[in-house]
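Work through the following exercises with the sequence and the model in view, and try each task before you read its solution.

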Amino acid sequence: MRILWTTLAESRATPLQEPLVRERIFPVCAPSLLPQGMPLSDPRALLDLPLIQKGHPPEGEWSWGYWLEKLGLKRTEPRGLLLGDMGLCLTAAVEGAGVAIGRSLLVADAISDGRLVPALTSAPHVLSNKVHIVRWSQDRIGDPHIKVLVNWLAQAAEDTDRAIANDSHSL
């Protein structure tokens with residue numbers, strides 16, 4: 001079995017694969033970057049913070065242009081860092097370098113232990129344009145053990161996502 005992160009078009013269930021989870025995307029940062037370490041209630045306050053972007057050039061839900069538009073904010077070029085790797089973006093955010101756009105499963109541990117917090121008290125519900133899937137070989141079609149594992153993985157991902165949502169609402 002393999003777990004892959006693939007496009008929506010390639011994520012449909014087939015005899016050889018099953019979708020697991022489509023992550024939520026939302027802005028995160030170190031609590032030290034925010035007043036009293038609490039998420040911002042006014043999205044306009046983001047404009048005063050350095051914004052960390054993934055990608056060259058950043059696209060879709062990974063771009064601050066997309067997020068600023070979703071939040072109803074006007075700004076042509078966000079100031080901050082442009083990094084080519086999600087890991088670098090999140091490390092920079094943990095270190096207080098700015099606000100990054102994170103994926104729910106990638107930021108779960110950092111939110112749980114307080115290294116990151118959602119940057120906003122209320123952010124638009126944005127789902128990743130990619131999906132985690134599990135894929136297996138032809139000789140495993142119909143294997144009941146595959147179904148048990150896939151169900152467990154999907155439930156664990158859902159539980160993690162729900163815990164993050166609950167943590168961010170209790171801040």
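**Exercise 1. The chain as a whole**

Which pattern does the chain follow when it is read along the sequence? Find also how many helices and strands there are, and describe how far the model can be trusted.

Solution. Begin by noting that this is a predicted model, and then trace the chain along its sequence, where the pattern is β-β-β-β-α-β-α-β-α-β-β-β-α. The secondary structure comes to 4 helices and 9 strands. Next, turn to the confidence values: the mean pLDDT of the chain is 89, and 93% of its residues reach 70 or more. Among the elements of the chain, helix 4, which covers residues 144–169, has the lowest mean pLDDT, at 83, while strand 7, at residues 117–118, has the highest, at 95. Finally, consider the extent of the chain, whose C-alpha atoms fill a box of roughly 55 × 35 × 25 Å along the principal axes, and whose 171 residues include 42% that count as buried.

**Exercise 2. An open sheet**

Determine the order in which 3 strands form an open sheet, and explain why strand 1 and strand 2 each have one side without a neighbour in the sheet.

Solution. The first step is to read off the order, which is 1-9-2, with antiparallel pairing. The second step is to look at the edges: strand 1 (2–7) and strand 2 (17–21) stand there with a single partner strand each, so one side of each is left without a neighbour in the sheet. Neighbouring strands of this sheet are turned by 40° against each other on average, if direction is ignored. The third step is to examine one pairing in detail, namely that of strand 1 with strand 9 (residues 130–135), which is antiparallel and runs over 6 bridges.

**Exercise 3. One residue in its surroundings**

Locate T6 in its strand, decide whether T6 is buried or exposed, and list what surrounds this residue.

Solution. Start with the position: T6 is found in strand 1, and it stands opposite V131 in strand 9. Then compare its relative accessibility with the cut-off: buried means under 20%, and T6 counts as buried because its value is 8%. Now collect the contacts, leaving aside neighbours within four places in sequence, and you will find that T6 is in contact with S11, K130, V131 and I133. As a last step, look at the side chain of T6, which is joined to the side chain of E10 by a polar contact of 2.5 Å.

Terms used
Residues numbered from 1 in each chain as written. Predicted model: local features only at pLDDT ≥ 70, side-chain atom pairs only at ≥ 80, totals over all residues. Heavy atoms only, no water. Pairing = 2+ DSSP bridges. Helix = DSSP H or I, 4+ residues; strand = E, 2+ residues; numbered from the N terminus. Axes fitted to C-alpha atoms, helices over the stretch in contact; angles between N-to-C directions. pLDDT = per-residue confidence, 0-100. Buried < 20%, exposed > 50% of the residue type's maximum accessible area, 1.4 Å probe, protein only. Polar contact = N/O pair within 3.5 Å; in protein donor to acceptor, adjacent residues only side chain to side chain. Contact = heavy atoms within 4.5 Å.
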